[in-house]
Every structure is written in C-alpha cells, then in structure tokens.
Amino acid sequence: MGAVGRGSAIMVALVLCLMVVEMADAATYTVGDAAGWTFNTVGWPRGKRFRAGDTLVFSYNPRAHNVVAVNRGGYDSCRTPRGAKVYRSGKDQIRLVRGQNYFICNFPGHCESGMKIAVNAA
C-alpha cells in the first residue's frame, strides 16, 4: 500500500472513531420521565441539556396519543403542517437534530392541553 493509500485508510479510521465517540456521548431521555408522553409535558425539557444525536423516547398509549414532529408554526398553532412525520407506535425513539426540535400530539385538544415540547439541541 502506498503512502496515499495509507493516508486515506488512516483518515477513514479517524472519521469512524470520531463517529463512534460522538454516538457514545449521545444520551437517551424518556419524555415526561415516569409519567411518559402525556398532558402538561410542555415544561419537561426545562433544565435539561440536549445535544444533537440524543434520543427522545416517547412512551404512550397509541390509541390515545401520537407524536408529530412539527416546525415552529405547527408547534405554536397546534396544527400539523403538510408533510409532517407522524409517529404512532407508543414507543417512538426520535433522534434530535441540531437546533430546535418541536413535537406535538395532534389528537383534538391534546396539544392545546400542553401535550407538546420544544427541545433545543446544541
């Protein structure tokens, strides 16, 4: 293997190591803690430090709730924008992206009753 080949192999190995370290640092949070994803969870993120790559676990009864990843407008208005991703498993695991992440339950009246969260991931 020539010097260029070795250099490329070392670079690939370094990038893979950095990805593993970053993933190892990622945390998992259960939304709503022991109560799970339910009403009045709007304040749940307060005081927590989230990072891109962290995972939120939404635990709920899928016959009574869902999780919808929305934009700021959808969060503020409690409306589901066209094309929004709707989760319905009752055990949803969603990886945070850098910046603001918004989630609501779009069952009638649920978001308006505080079943929504805004999470800022550094």
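Strands here are DSSP runs of E with at least two residues, numbered from the N terminus. The model on screen is predicted.

**Whole chain**

Start with the protein chain in a cartoon view. It holds 2 helices and 7 strands, and from one end of the sequence to the other they follow the pattern α-β-β-β-α-β-β-β-β. Of its 122 residues, 33% are buried. Switch to a surface view: the protein chain exposes about 7,600 Å², with carbon and sulfur atoms supplying 56% of that area. Among contacts with a separation of 6 or more, 70% are between residues 24 or more positions apart.

**Stop 1: Asp33**

Select Asp33, which sits in the loop between β1 (28-30) and β2. Is Asp33 buried or exposed, or in between? Asp33 counts as partly exposed, because its relative accessibility is 46% and that class runs between 20% and 50%. Next add Trp44 and Lys48 to the selection; Asp33 touches both, leaving out residues up to four places away in sequence. The side chains of Asp33 and Trp44 are joined by a polar contact of 3.3 Å. For the backbone, display the C-alpha atoms of Asp33 and Trp44: they are separated by 8.2 Å, with the two residues 11 apart along the chain.

**Stop 2: Ala26**

Step back along the sequence to Ala26, in the loop between α1 (3-25) and β1. Ala26 is also in the partly exposed class, at 30% relative accessibility. Select Gly53 and Asp54, which Ala26 contacts once its neighbours within four places in sequence are left aside. Then pick Ala52: its C-alpha atom is 7.9 Å from that of Ala26, although their positions lie 26 residues apart along the chain.

**Stop 3: the largest nonpolar core**

Now go inside. The largest nonpolar core has 16 residues, and those touching the most other members are Trp37, Leu56, Phe58, Phe103 and Ile117. Two elements, β2 (55-59) and β7 (116-121), give two or more residues to this core. Which element gives the most to this core? That is β7, with 3 residues.

Center the view on Ile117. Beyond residues up to four places away in sequence, Ile117 touches Val31, Trp37, Thr41, Val42, Trp44, Pro45, Leu56, Phe58, Tyr75, Asn101, Tyr102 and Phe103. Apart from the largest core lies another core, of 7 residues, including Val68, Val70, Tyr102 and Ile104. In soluble globular proteins, nonpolar side chains tend to be buried together.

**Stop 4: Asn101**

From Ile117, move to Asn101 in strand β6 (residues 99-104). With 6% relative accessibility, Asn101 counts as buried. What does the side chain of Asn101 have at 2.9 Å from one of its polar atoms? The backbone oxygen of Val97 is there. To fill in the surroundings, select Leu96, Ile117, Ala118, Val119 and Ala121; Asn101 is in contact with these, neighbours within four places in sequence being left aside.

**Stop 5: His110**

The last selection is His110, in the loop between β6 and β7. His110 is buried, because its relative accessible area is 13% and the cut-off is under 20%. Show Phe39, Ala64, His65, Cys105 and Met115 as sticks: they are the contacts of His110 when its neighbours within four places in sequence are set aside.

Methods: Residues numbered from 1 in each chain as written. Predicted model: local features only at pLDDT ≥ 70, side-chain atom pairs only at ≥ 80, totals over all residues. Heavy atoms only, no water. Helix = DSSP H or I, 4+ residues; strand = E, 2+ residues; numbered from the N terminus. Buried < 20%, exposed > 50% of the residue type's maximum accessible area, 1.4 Å probe, protein only. Polar contact = N/O pair within 3.5 Å; in protein donor to acceptor, adjacent residues only side chain to side chain. Contact = heavy atoms within 4.5 Å. Core = buried A, V, L, I, M, F, W, Y, C linked by side-chain atoms within 4.5 Å. Areas by Shrake-Rupley, 256 points an atom, 1.4 Å probe, with all protein chains shown as cover.
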